[in-house]
Structure formats: structure tokens, C-alpha cells
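Trainee: I have a structure to go through today. Could you take me through it step by step?
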Amino acid sequence: MLNTDNESATRTITTQRTNPNQRPLRVKRAKSLTKSRVEPYIFILPTVALFAVVLIIPIANLTLYSLGDSNLFQGFTGWNNFENFSYLASAKFLQTVLVTVIWLVGGVVGIVVCGLAIALALNKPIKGRTLFRALVIIPWIVPHAFAGAMWSWVLQPQFGILNRVLVTTGLVSEPISFLDADSALATVIIVRIWQGAPFMIITLLAGLQTIPNEIEEAAQIDGATWFQRLRYITLPHLRPVLTVSTLIVAAWTLQVFDTVYVMTNGGPARSTQIIALDIYSKVFIESDLGSGAAMALVTLIVVSVMSWRALRKEGQETV
């Protein structure tokens, strides 16, 4: 047995000595393996660098400003024991949160419902469908500030075209003030729906094209009503698109500033003071960069957690 092992070892050494190309081949394989492991990181390095510049660095600055006394000219000037976050417990900020929640829920639900209804209508083989699909995009490409100015003029109580039409046709006896303390929030939400619905229409129309016609036809043959086909066929197929589109619309709605600023500037009596306007007021009017940064940081955390939970739930249900 011992002799057999010695003979095998001898043959191995002899083979290595007689095959001088084996060692360079191993080195070559090791280099190739190392290159294949490192290469992906080299490709994503520019993306990671860009990600750090446009996201991580601003968030780091935002966090730093929220933790101390800060202003637009000197930046962070010193630690202040979380005093910036005390504004988040004030009655004024809680009113802002309430207005923002109504603005967000009303705007997003309105955009989803209107977008779904119009997308379903434009998915039918109606005459002039291409023209209608092109026309519904127009509100989306109108700049927010211009949309705010345009609607302010349209809704103006004395000279606005909408009040003139209503009074002339006898639908109302006196001009309506669409931007008073009781109706201003509802009015800006409707304007938000008008401007945000086109994005939902486009994405849902794309999703509707992926539903096989055979399924719809089979359901019709089985006697399914329109509502049953919508509930059990259309909406389940649209759910992934609907989830992502709703998250995007919600994020955009929270970011909207110029439309509300032009139409109401947060008034009257802070009835339309959404959080974007409150941050602007703190930073640029009251020169309190720290409190503005604290509001923005908390908003960012809340929105990130909500988005992560929604996407995670959607991913689990899809799997």
C-alpha cells in the first residue's frame, strides 16, 4: 500500500515537472476569477458616486442642519440640544400636518380614481381615441406656477371666467369665492388632480395593453358583468403598475409647492399651509434653517418608511 502511494506521488511530481504550462494556467484562472469578481463593482462605481453626490451628501447636510443652529449664510453654527424639533410638537405644525394629510389623500385618491376612469374609457375602441390620448397629457406638461396663475384667474370671484359662466347661465345668483377659508383647500386639491391625472392615465393605459384579450372575451362569454371583469381581471393585472404609480404620485404631491404658493400662499388663515410651504416659510421668511431642516428630515423618513412598506407588501403578494 505504501509503495502504491509513493508511486502515485512520484507520478504527480513527474507530471508537474513534465507539464510546465500547468502553473501559468492556474495563475491565469486566478486572475480571471479575481477580475470577474471585481468587474461588476467597477461598472457600478460611477452610479454609486453619482448617488452619493445627489442623495447622500444632501441628506447628510440636512441631518446636520436639523441638529443645531443653522442659517442660509453660515450654515451649521452649533449644537442646540434638538431645539429645532420642538416646533414639530407645536399646534401650528400639527395644523400643517392635518392640512398636508388632507391634501395628500385627496390629491392622490382623486388622481387614481380619475386616472383609472379616463384610462378605461380611452382603452375602448372609440373614434378619435388617439387625439383624446394626446389631449389628456396637456395638463401634465403645464408648469406648476403657470397652472396656479391660470386657475387663479379662472376662479377669480369678480372677473374669473368660471364665475361669469355660472352667473350668466343662471346656475348661481352671485359669484362664488373658490379660494376663501372654507373652500381653498378643496380648490387646490382639484387643481392638483387636474394636473396629476395625466401621468396616471398614461401609466394605466400602458398597463391595460398587457391584459390578454382572451381573458376578457372568456369572461364575457361566461356572463361576467363589467364590474366583475374590472374587479377580478383588470384591477389584479394593473396592481403592480397602480402601486408604483400611486407611490410616485404621492411623492410628487408632497413635493408640490409652486401651485399652492401662487394660488393661496398657504392662506387664508393657513387653510392651505401644506408642509412644503411651511418649510419654505421657516427657511426663507423666518430664516430658521434648522426647523425647516427638521421638518424636511422627518417628512423624508416618514415617506421613505411608507414607500418601503408598500413596495415590500406588493413584492410579497406578487411572489
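Mentor: The model is predicted, and the turns below go from its core to its surface, its strands, its charged pairs and its loops.

Trainee: Which residues have the most contacts inside the largest nonpolar core?
Mentor: They are Trp103, Met200, Leu204, Leu208 and Ile274, in a core of 39 residues.

Trainee: And which elements give two or more residues to this core?
Mentor: Helix H3 (91-122), helix H8 (184-208), H10, helix H11 (258-263) and helix H12 (275-285) do so. H8 gives the most, with eleven residues. As background, nonpolar side chains tend to be buried together in soluble globular proteins.

Trainee: What does Trp103 touch?
Mentor: Leaving out residues up to four places away in sequence, Trp103 touches Leu185, Val188, Ile189, Arg192, Thr253, Val256, Val260 and Ile274. There is also a second, separate core of five residues, among them Tyr87, Leu88, Phe93 and Met295.

Trainee: Staying with H8 for a moment, is Thr203 buried or exposed?
Mentor: Thr203, which is placed in helix H8, counts as buried because its relative accessibility is 18%, and the cut-off for buried is under 20%. Apart from neighbours within four places in sequence, Thr203 is in contact with Val241 and Ser245.

Trainee: Now the outside. Which residues make the nonpolar surface patch?
Mentor: The patch covers about 1,100 Å². Its residues are Ile126, Leu131, Phe132, Leu135, Ile138, Trp140, Ile141, Ile202, Val244, Ile248, Trp252 and Leu311.

Trainee: Which helices supply at least two residues each?
Mentor: Three are listed: helix H4 (129-135), helix H5 (138-141) and helix H10 (226-255). Ile141 is a useful example from helix H5. Its relative accessibility is 60%, so Ile141 counts as exposed.

Trainee: Changing topic: how many bridges join strand E1 to strand E2?
Mentor: Four bridges join them, and the two strands run antiparallel. E1 spans residues 68-71 and E2 spans residues 75-79. Together they form a hairpin, with three residues between them.

Trainee: Which residues stand opposite each other there?
Mentor: Ser70 stands opposite Phe76 in E2. In addition, Gly68 has Trp79 in E2 as its bridge partner.

Trainee: On to charges. How many salt bridges does a search of the whole structure find?
Mentor: The search finds three. In general, side chains of opposite charge can pair when their charged atoms come close. One of the three salt bridges joins the side chains of Arg229 and Glu216, at 3.3 Å from N to O.

Trainee: What does that pair tie together?
Mentor: Arg229 lies in helix H10 and Glu216 lies in helix H9 (residues 213-221), so the pair ties together parts that are 13 residues apart in sequence. Arg229 counts as buried because its relative accessibility is 12%. Glu216, at 21%, counts as partly exposed.

Trainee: Where are the other two?
Mentor: Arg270 forms a salt bridge with Asp278, and their closest N and O atoms are 3.7 Å apart. Arg270 is partly exposed at 23% relative accessibility, while Asp278 is buried at 2%. Another salt bridge is made by the side chains of Lys282 and Glu286, at 3.0 Å from N to O. Lys282 is buried, with a relative accessible area of 11%, whereas Glu286 is partly exposed, with 44%.

Trainee: Last topic, the backbone. Which residues does the cis peptide bond join?
Mentor: The cis peptide bond joins Gly267 and Pro268, with omega at about -10°. Pro268 lies in the loop between H11 and H12.

Trainee: What is the phi of Asn265?
Mentor: Asn265 has a positive phi of about 55°, although it is not a glycine. Asn265 is found in the loop between H11 and H12. With a relative accessible area of 47%, Asn265 is partly exposed.

Trainee: And where is Phe82 found?
Mentor: Phe82 is in the loop between E2 and H3. The phi of Phe82 is positive as well, near 60°, and this residue is not a glycine. Phe82 is partly exposed, with a relative accessible area of 47%.

Methods
Residues numbered from 1 in each chain as written. Predicted model: local features only at pLDDT ≥ 70, side-chain atom pairs only at ≥ 80, totals over all residues. Heavy atoms only, no water. Patch = residues over 30% accessible without salt bridge, like charges linked within 9 Å, V, L, I, M, F, W, Y side chains within 5 Å. Areas by Shrake-Rupley, 256 points an atom, 1.4 Å probe, with all protein chains shown as cover. Salt bridge = Lys/Arg side-chain N within 4 Å of Asp/Glu carboxyl O. Buried < 20%, exposed > 50% of the residue type's maximum accessible area, 1.4 Å probe, protein only. Core = buried A, V, L, I, M, F, W, Y, C linked by side-chain atoms within 4.5 Å. Contact = heavy atoms within 4.5 Å. Pairing = 2+ DSSP bridges.
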